[in-house]
Amino acid sequence: MKNLLLVTIFLFVLVSNSFGQRNQMKAFIDYKNYYSPEQGPYIDLQFQFVAYTIQFAAVDSVLQAKVAVTAVVTSEPSGDTVYTNGFVLESPRMRDSIVEDFFDNIHIPLQPGNYTAHLNLTDIFSKGKSLEGKVEIHVPEKISSVSISDILIAEVATPSNNPESPFQKSGYEIIPRISNFYSQTMTRIPYYVELYNTNQIQDSTFGLRQQVISSATNQVMPGFSRFTKIKPEPVVPIFRNMDISKLPSGSYHLTLEIIDRSNKTIGQAADYFFERINDIEMDQDVDNIILNPEFQASITEDSLKYYLASLVPIARPAEVKSIMKTLKANSPDLCRKHIQQFWIQTAGNNAYNQWLIYKKNVALVEANYGNNFQSGFETDRGRVYLQYGQPNTIIVRETSPSEYPYEIWHYYKIKTFSNKRFVFYNPDLVNNGYRLLHSDMVGEQQNYKWQEMLVKRNTSNMNVDSSTGTSQYGSNSGYYYKQD
């Protein structure tokens, strides 16, 4: 049997394989590639067991879970079995009813190639709770060339030289963090990596370059690059604690590269993708922002505040706060710098072209959706258009025997979401003042009584919360809503 360390983890977005269904035990699986000069290449197969989905039982006056783990690794495409292991995993012993996730790590020697790990997990104290799943594995060539391991993120790391621990790495006991999501309260990313065969470099030192690259712009984030000179060795372990307290919200890649004296990358870089939520207001050093004449020529003096405010539909909450602060400052120069800096952060080297596209869309929503009281970008339809782009189809019903005027917008694709719809209606019947009534897009207003709201034009005393529903002459909104 195997006993594990206890560690608390708060689980968010996971990049690993997830096994489990509703009301069943659940586990998250990941793997990392490493190399040992004595033993050759191997992987660490990492497990995180979600405690609340597993049965704990009283054992010697404390609570404990037991999971039977079977792992069979086959070579692809032949299907030949190259590794098997089976054991009973015991969770840490817990003294009250608050149980916490527990972890395991299996070292598996594998030669370069492609493999499939076939896993069976059985909750011993809950008969019938069993999971089966597969993990696709790729082991790259690390035997004879200068190379770098995968990046291991630590949930907890403590100095230790315990050879019995499955989490032992070069003087540290590292409990892996399988989630790649970092909330605002998480200010550091502790990571471990190994460099191999650097003694082949014909120099007394080499460099390790750390960079954080924005997924949106493919630009290196200023302030998050680091260069370290290192003495060549067959294996060089690196443990660092990267400060991300000032890294704004977004998706990023942490990259590590081995470089020579001429700044040339040796071998393939290690890459770790992560997501960050950090809606802090970033203070901009406006004095050092150099205005681009071409960029600034596209904005007239009398439209500065208008175009700065037009960024609100696509800005994050912290950016909206910063935009409001700049608008109140009533400084044309600050407005110009703010607009330019916003697009540099959003689109990198393509900032000017992306700004021109957005400016054109701002003019479009102004012409189509603006009214006597609101600019186009301030309206619900204008905001949705600027945030998600042009819908694939629009159904317009300005007249109906029983319904308020309405529009149904259908997007075939919004980011990773498919078939999303927005229903706008005009209950005031004037001023082009359509409001968002319902959408099935994540994060948008949802009102599943929206059809009843539409027909309130001729049935103002109707109770929209009634469970009996309504059927009105001329009401075809439900039919149009379902059309592709």
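Two strands are taken to pair if DSSP finds at least two bridges between them. By that criterion strand β14 (residues 168-169) pairs with β15 in the antiparallel sense, over 2 bridges. The model described here is predicted. Its protein chain contains 8 helices and 26 strands, and 49% of its 484 residues count as buried. Among contacts in the protein chain with a separation of 6 or more, 63% are accounted for by residues 24 or more positions apart.

**Strand β15 and its partners**

- Strand β15 (residues 172-176) is mostly covered, with 4 of its 5 residues buried.
- In the pairing of β14 with β15, Q168 stands opposite E173.
- The hairpin formed by β14 and β15 has 2 residues between the strands, and S170 there takes a positive phi near 45°.
- Strand β13 (residues 152-159) also runs antiparallel to β15, and 5 bridges join the two.
- Within the pairing of β13 and β15, V156 is placed opposite I175.

**The five-stranded sheet**

- Strands of a sheet pair through backbone hydrogen bonds, in either a parallel or an antiparallel arrangement.
- An open sheet of 5 strands follows the order β16-β22-β21-β18-β19, and its pairing is mixed.
- Its edge strands are β16 (181-182) and β19 (226-230), each of which pairs on one side only.
- Inside this order, strand β21 (residues 250-259) and strand β22 (residues 265-276) are antiparallel and share 9 bridges.
- L256 stands opposite A270 in β22.

**Helix packing: α3 with α4**

- Two packed helices are described by the angle between their axes and by the distance between those axes.
- Helix α3 (residues 317-329) and helix α4 (residues 332-347) have axes that come within 9 Å and cross at roughly 160°.
- Angles over 145 degrees count as roughly antiparallel, and α3 and α4 are therefore roughly antiparallel to each other.
- The crossing in which α3 passes α4 is left-handed.
- On the α3 side the contact involves E319, S322, I323, T326 and A329, which meet L334, C335, H338 and F342 in α4.
- By class, the residues of the α3 and α4 contact comprise 5 nonpolar, 3 polar and 1 charged.

**Helix packing: α4 with α5**

- Helices α4 and α5 pack at an angle of about 110°, and their axes are 8 Å apart.
- Angles from 65 to 115 degrees count as roughly perpendicular, which makes α4 roughly perpendicular to α5.
- W343, I344 and A347 of α4 make this contact with A351, Q354, W355 and Y358 of α5.
- The contact of α4 with α5 has 6 nonpolar residues, 1 polar residue and no charged residues.

**Helix packing: α5 with α6**

- Helix α5 (residues 351-369) packs against helix α6 (residues 380-388) at an angle of about 155°, with the axes 10 Å apart.
- By the cut-off of 145 degrees, α5 and α6 are therefore roughly antiparallel to each other.
- The crossing of α5 and α6 is right-handed.
- Helix α5 contributes Y358, N361, V362, L364, V365, N368 and Y369 to the contact, and helix α6 contributes R381, G382, Y385 and L386.
- These residues of the α5 and α6 contact divide into 7 nonpolar, 3 polar and 1 charged.
- Y358 of α5 takes part both in the contact with α4 and in the contact with α6.

**Loop residues and backbone geometry**

- The peptide bond from E76 to P77 is cis, with omega near 10°.
- P77 is located in the loop between β7 (66-76) and β8.
- I98 lies in the loop between β8 (81-90) and β9 (102-109).
- The relative accessibility of I98 is 61%, so I98 counts as exposed.
- I98 and A51 are 47 residues apart in sequence, and their C-alpha atoms are 9.4 Å apart in space.
- S61, a residue other than glycine, has a positive phi near 70°.
- The loop between β5 (57-59) and β6 (62-64) holds S61, which counts as exposed because its relative accessibility is 78%.
- N432 is not a glycine, yet its phi is positive at about 55°.
- N432 is situated in the loop between β25 (417-425) and β26 (435-439), and with a relative accessible area of 28% N432 is partly exposed.

Key: Residues numbered from 1 in each chain as written. Predicted model: local features only at pLDDT ≥ 70, side-chain atom pairs only at ≥ 80, totals over all residues. Heavy atoms only, no water. Axes fitted to C-alpha atoms, helices over the stretch in contact; angles between N-to-C directions. Parallel < 35°, antiparallel > 145°, perpendicular 65-115°, else oblique. Left-handed = near helix turned anticlockwise from the far one by under 90°. Contact = heavy atoms within 4.5 Å. Nonpolar A, V, L, I, M, F, W, Y, C, P; charged D, E, K, R; others polar. Buried < 20%, exposed > 50% of the residue type's maximum accessible area, 1.4 Å probe, protein only.
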